[in-house]
Amino acid sequence: KFEFNPKDGIDNPALSLAEDADGEGLGEPRFYLLNKDGSETFGFCLHEELGCQGHIIRQVELGGLAQRRGLQDGDRLLQVNGHFVDHMDHTKVVQKIKASGNQVLLAVLDSNTYETAKALGRDLSQMLPADIRPRLCHITRDKSGFGFSISGPEGAKGTFQLSVRRDGPAERAGLPSGSWLLELNGDSVRSYSHTQLARKLKRSGSKITLLVASSVAEEFYRLWGLRVTAALADASWLPFKVRKLSMVKGPDGYGFLLKEEDCSLGTTGEFLWEVDAGLPAERAGMKEGDRLLAVNGESIEGLNHQETVMRIRAQGDQVTLLVIDSAGDKFYRSVGLGTWFDE
């Protein structure tokens, strides 16, 4: 913004820009949901560059996934799976993307807008919608029921809003009142009538898992044409937790055996067996049958057995593994989370 004064000439451009307090002309954040198969990459690199602020999108592959979705060279990364990352250590941000496995939701800002906003001292997190992550809640019925009721437009399919009873099972499981139901036990409710949903709930027994979204989140995904999935969800309320095992190799090794085994739907996974008593793996808390999810914060999704073994060996005499027990692994896969984890 330049203003000409006949006496003083052109005003200081930086001063004029700073006075444009409403930020008119600045670009808006853009959102991209990238889904790749096991052999594909996301099609870009994330750089940290001398003299430049932020996490910079570089090397966008011609015809690759990132370019097909619309990512551009020089874009600055603001969010990974709903987490604001502009202030985070670069290595940690790279790990967050790798930890996402085959699906990641990114929020970016074009380079000009980013640099202008930084020069103006803007809080970039305020440019992003709050609470866009859906939530997974696992509810156990008590004598009075699950502790929520359902409402929706008469005759409409797939539109169900939840009201939560105070101090009931649903509230204790983290279900927000007023949220919209998206999935029941891993199945979309988009085509359900109210009667069909009631029947499904009745047949679910004493425990159910719901994928829900706030009105803000539901509108956000609808406007951007993104499908809400369990892989994007805040799963912190779920009862099964991943465990972090930090180990230093001893004279007899770590003390476990890694095996590739079949899972559901023709997929395979890496499982931990023959945990030796008194050796580093057992002392770190490893249990027979644990499933391996990540090595040093990086998901092993898409790696074959030999590649996983090489990644563990590459760490030298010290390694950190993320694992989940068999009950938790079965549960996460039943609701469509695969090898979910979120450090």
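Biologist: Which strands are included in what covers the buried residues of α4?
Modeller: In this predicted model, β6 and β8 are among the elements that cover them through contacts (heavy atoms within 4.5 Å), with helices (H or I, at least four residues) and strands (E, at least two) taken as DSSP runs numbered from the N terminus. Residues are numbered from 1 along each chain, local features need pLDDT of at least 70, and side-chain values leave out hydrogens and water.

Biologist: And which residues of α4 are buried?
Modeller: Thr113, Tyr114 and Ala117 are, where buried means under 20% relative accessible area, exposed over 50% and partly exposed in between, with a 1.4 Å probe and protein chains only. They lie on the same side of α4 because they cover an arc of only 100° around the axis, judged by the directions from that axis to the C-beta atoms.

Biologist: What's on the face turned away from that side?
Modeller: That face of α4 carries the exposed residues Asn112 and Ala119, and the helix is followed by Gly121, whose phi is positive, near 75°.

Biologist: Switching topic, which residues other than glycine have a positive phi?
Modeller: Asn81, in the loop between β6 (76-80) and β7 (83-84), has a phi of about 50°, and Glu274, in the loop between β17 (268-273) and α8 (280-284), has one near 50°.

Biologist: Is each buried or exposed?
Modeller: Asn81 is buried, with a relative accessible area of 14%, whereas Glu274 is partly exposed, at 47%.

Biologist: Last one, what does Tyr221 touch?
Modeller: Leaving aside residues up to four places away in sequence, Tyr221 touches Leu105, Ile132, Arg133, Pro134, Leu226, Val228 and Leu232.

Conventions
Predicted model: local features only at pLDDT ≥ 70, side-chain atom pairs only at ≥ 80, totals over all residues.
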